[in-house]
Amino acid sequence: MRKTPAGLRADASPPPSRLLRRRVARLARAVRERRALELLYGGAWRVVHPHAIGRMGTGRIGLLTWQTAGLARGPGDPGEGWRMFDVARIGATRALRAHFAPRPRGGPAWTAGIGAPVAEVPSRDEALSAAPAEA
């Protein structure tokens, strides 16, 4: 953050590139559609359920996901769990045919790290109550 001539705080991060804007739009669509994705991140493919996307406190754009498969954080990590990805560092994405039910939220600040989400999945209860009843 930097001070503007009027003394107000302004976001010091540069405007996103055209490629980044397109990527954010694709990822936001996947969030709204609750579509599973494969992400190439850090040289490894990961399967994720994207739950929210937006600007993080660092000024960068983050994608909050529930990772279901792929590179683990370390020997004791099963590879499954909440992960925050820096969208600018995502090498490639592939939308999968699978859709997912949202994970339970951990509280009102469940998008920790994302100040104002561009897109986020509804709560699990909302998503399940909106699902069409099977005949």
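**Rings, strands and charges: a walk through the model**

Author: Let's start with one spot: R103 lies over the face of W66, 3.8 Å from the ring centre. Keep in mind that this is a predicted model.

Reader: Okay. What other arginine has its charged end over a ring, and whose ring is that?

Author: Look at R94, whose charged end sits over the ring of W45, 4.0 Å from the centre. To call this, check two things for CZ of Arg: within 6 Å of the ring centre, and within 35 degrees of the ring normal. Hold on to R94, as we'll come back to it.

Reader: What about ring against ring? How many aromatic pairs does a search of the whole structure find?

Author: The search turns up two aromatic pairs. One of them is Y41 with F85, an edge-to-face pair with 4.8 Å from centre to centre and 75 degrees between the planes. Y41 belongs to strand 3 and F85 to strand 6 (residues 81-86), so this pair ties together parts that lie 44 residues apart in sequence. Both Y41 and F85 are buried. The other pair is W66 with W82, again edge-to-face, at 5.4 Å centre to centre with 85 degrees between the planes. It links distant parts of the chain, with W66 in strand 5 and W82 in strand 6, 16 residues apart.

Reader: And W66: buried or exposed?

Author: The idea is to look at the relative accessible area: under 20% is buried, over 50% is exposed, and anything in between is partly exposed. W66 comes in at 13%, so it counts as buried. Its partner W82 has 31%, so that one is partly exposed.

Reader: Let me zoom out to strand 3 (residues 35-41). How many of its seven residues are buried?

Author: Five of the seven are buried, so strand 3 is largely enclosed by the rest of the structure. Here's a general point for reading any strand: in a regular one, the side chains alternate between the two faces of the sheet. Now the neighbours. Strand 3 runs antiparallel to strand 7 (residues 90-99), with six bridges joining the two, and R35 stands opposite H99 there. Strand 3 also pairs with strand 4 (residues 44-56), in the antiparallel sense over five bridges; in that pairing L37 faces V48.

Reader: What do strand 3 and strand 4 form, and how many residues lie between them?

Author: They form a hairpin with two residues between them. G42 sits in the turn and has a positive phi of about 65 degrees.

Reader: Next, the greasy middle. Which residues touch the most other members of the largest nonpolar core?

Author: That core has 19 residues, and the ones touching the most other members are L27, L39, I53, L63, F85, V87 and I90. Helix 1 (18-33), strand 3, strand 4 and strand 5 are the elements that give two or more residues to this core. Helix 1 gives the most, with six. Take L39 as a worked case: leaving out neighbours within four places in sequence, its contacts include W45, V48, L63, F85 and I90.

Reader: Does the same reading work on a polar residue? Where does Q67 lie?

Author: Q67 is in strand 5 (residues 61-70). Its relative accessible area is 0%, so Q67 is buried. Beyond its neighbours within four places in sequence, Q67 is in contact with several residues, among them R46, E80, R83 and F85. For contrast, try V118 in strand 8 (residues 114-120). At 55% relative accessibility, V118 counts as exposed, and beyond the same window of four places it is in contact with I53 and G54.

Reader: Last topic. How many salt bridges does the structure hold?

Author: Side chains of opposite charge can pair when their charged atoms come close. This structure holds three such salt bridges. In one, R35 meets E33, with the closest N and O atoms 3.5 Å apart. Another brings back R94, which meets E38 at 2.9 Å, N to O. That one links distant parts of the chain: R94 in strand 7 and E38 in strand 3, 56 residues apart. Then there's D86 with R60, at 2.7 Å from N to O. D86 is in strand 6 and R60 in the loop between strand 4 and strand 5, so this pair ties together parts 26 residues apart in sequence.

Reader: How do D86 and R60 come out on accessibility?

Author: D86 is at 11%, so it counts as buried. R60 is at 40%, so it's partly exposed.

Conventions: Residues are numbered from 1 along each chain as its sequence is written. This is a predicted model: local features need pLDDT of at least 70, side-chain atom pairs count only at pLDDT 80 or more; totals for chains, interfaces and linings use all residues. Side-chain values use heavy atoms; hydrogens and water are left out. Helices (H or I, at least four residues) and strands (E, at least two) are DSSP runs, numbered from the N terminus. Buried means under 20% relative accessible area, exposed over 50%, partly exposed in between (1.4 Å probe, protein chains only). Contact means heavy atoms within 4.5 Å. Two strands pair if DSSP finds at least two bridges between them. A nonpolar core is a set of buried Ala, Val, Leu, Ile, Met, Phe, Trp, Tyr and Cys residues joined through side-chain atoms within 4.5 Å. Rings of Phe, Tyr and Trp (its six-membered ring) pair if their centres lie within 6.5 Å; planes under 30 degrees apart count as stacked, over 60 as edge-to-face and the rest as tilted. A salt bridge is a side-chain nitrogen of Lys or Arg within 4 Å of a carboxyl oxygen of Asp or Glu.
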